[in-house]
Amino acid sequence: MSTRDLVLTALFAAIIVALGLLPPIPLGFIPVPITAQSLGVMMAGVVLGARRGAVAVLIVLLLVAIGLPVLSGGRGGLAIFASPTAGFLIGWIFAAFVTGYLSERLINDRQSGLVQTVSFFLTAMVGGIVVLYAFGITYLATVAGLGFPKAFVGSMAFVPGDVIKAFVAALLGRAVMVGYPLLPARA
């Protein structure tokens, strides 16, 4: 990785951590709270691309693993990876990677602003919601013993907020694309 890549990944790791300062919103009927950090994961993929976005998330998870309280609500430590929410945390890596991969393939500077924004939104939806939920719901159903149908239905309460996060990530992706494009150039 170049120095520029290292700085950008560290910056987005810091953004994901900063979004963790917003307090989590517990729903009560499912052990996973609403947090703003998934917005940071979507933004990392949309702005940095697959590889750098996934590395930014890996940095955050490394900070969690060594015990720093960087998750929403001041949580951190290895015990987090044994909790029912661990599937969502592991899913962050793949969500950022898929979001970035799709962004790298679908968006280019020759497209209109509307097409870029819609494309960023769709990539954030696929990576930040579909991929993330695939990991999170599966792990939640298994570890919490809820069963897949109950975990799936309970997780649907998060979809409206995540759609809003995907829209915000798309707007940011478009703004960065106009002012300072960071997506890796395709060969």
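Ile59 counts as partly exposed, because its relative accessibility is 29%, and partly exposed residues fall between the 20% and 50% cut-offs. You can find Ile59 in helix α3 of this chain. Keep in mind as you look around that this is a predicted model. Now see what surrounds Ile59. Leaving aside neighbours within four places in sequence, Ile59 is in contact with Thr9, Ala10 and Ala13. Take Ala13 as an example: this residue is 46 residues away from Ile59 along the chain, yet their C-alpha atoms are separated by 6.3 Å.

Stay with helix α3 for a moment and turn to charged side chains. In the whole structure, a search finds five salt bridges. One of them joins Arg51 to Asp5, with 3.5 Å between the closest N and O atoms. Arg51 belongs to helix α3 (residues 50-65) and Asp5 to helix α1 (residues 3-19), so this pair ties together parts that lie 46 residues apart in sequence. Asp5 also meets the side chain of Arg52 in a salt bridge, this time at 3.0 Å from N to O. Since Arg52 lies in helix α3 and Asp5 in helix α1, this pair ties together parts that are 47 residues apart in sequence. Put together, Asp5, Arg51 and Arg52 are linked in a network of salt bridges.

Are the members of this network buried or exposed? Asp5 is buried, because its relative accessible area is 10%, and the cut-off for buried is under 20%. Arg52 is buried too, with a relative accessible area of 4%. Arg51 has a relative accessibility of 49%, so this residue counts as partly exposed.

For another salt bridge, move along to Asp109 and Arg110. Their side chains meet at 3.8 Å, N to O. Here both Asp109 and Arg110 are exposed.

Next, visit helix α6, which covers residues 148-155 and has Ala151, Gly154 and Ser155 as buried residues. Seen down the axis of α6, the buried residues fall within an arc of 95 degrees, so they line one face of the helix. What covers them? The cover includes α4 (86-106), α5 (113-143) and α7 (159-179).

Now look at the other side of α6, where Pro149 and Val153 are exposed. Val153 counts as exposed because its relative accessibility is 57%, and the cut-off for exposed is over 50%. Val153 also helps to make a nonpolar surface patch of about 370 Å², together with Phe148, Phe152 and Met156.

Finally, step back and compare the model with a database record. An unreviewed UniProt entry gives the annotation "transmembrane region" to residues 55-72, 78-102, 114-143 and 163-183. What does the chain look like over two of these stretches? Over residues 55-72, the chain is 61% helix and 0% strand, and the C-alpha atoms at the two ends are 20 Å apart. Over residues 114-143, the chain is 100% helix and 0% strand, with the end C-alpha atoms 42 Å apart.

Technical notes. Residues are numbered from 1 along each chain as its sequence is written. This is a predicted model: local features need pLDDT of at least 70, side-chain atom pairs count only at pLDDT 80 or more; totals for chains, interfaces and linings use all residues. Side-chain values use heavy atoms; hydrogens and water are left out. Buried means under 20% relative accessible area, exposed over 50%, partly exposed in between (1.4 Å probe, protein chains only). Helices (H or I, at least four residues) and strands (E, at least two) are DSSP runs, numbered from the N terminus. The arc is that of the directions from the helix axis to the C-beta atoms. Contact means heavy atoms within 4.5 Å. UniProt positions are given in the numbering used here, feature names are shortened, and annotations may be inferred rather than shown by experiment. A salt bridge is a side-chain nitrogen of Lys or Arg within 4 Å of a carboxyl oxygen of Asp or Glu. Patches are made of residues with over 30% relative accessible area and no salt bridge: like charges are joined within 9 Å, nonpolar side chains (Val, Leu, Ile, Met, Phe, Trp, Tyr) within 5 Å. Accessible areas come from the Shrake-Rupley method with a 1.4 Å probe; for residues, only the protein chains shown count as cover.
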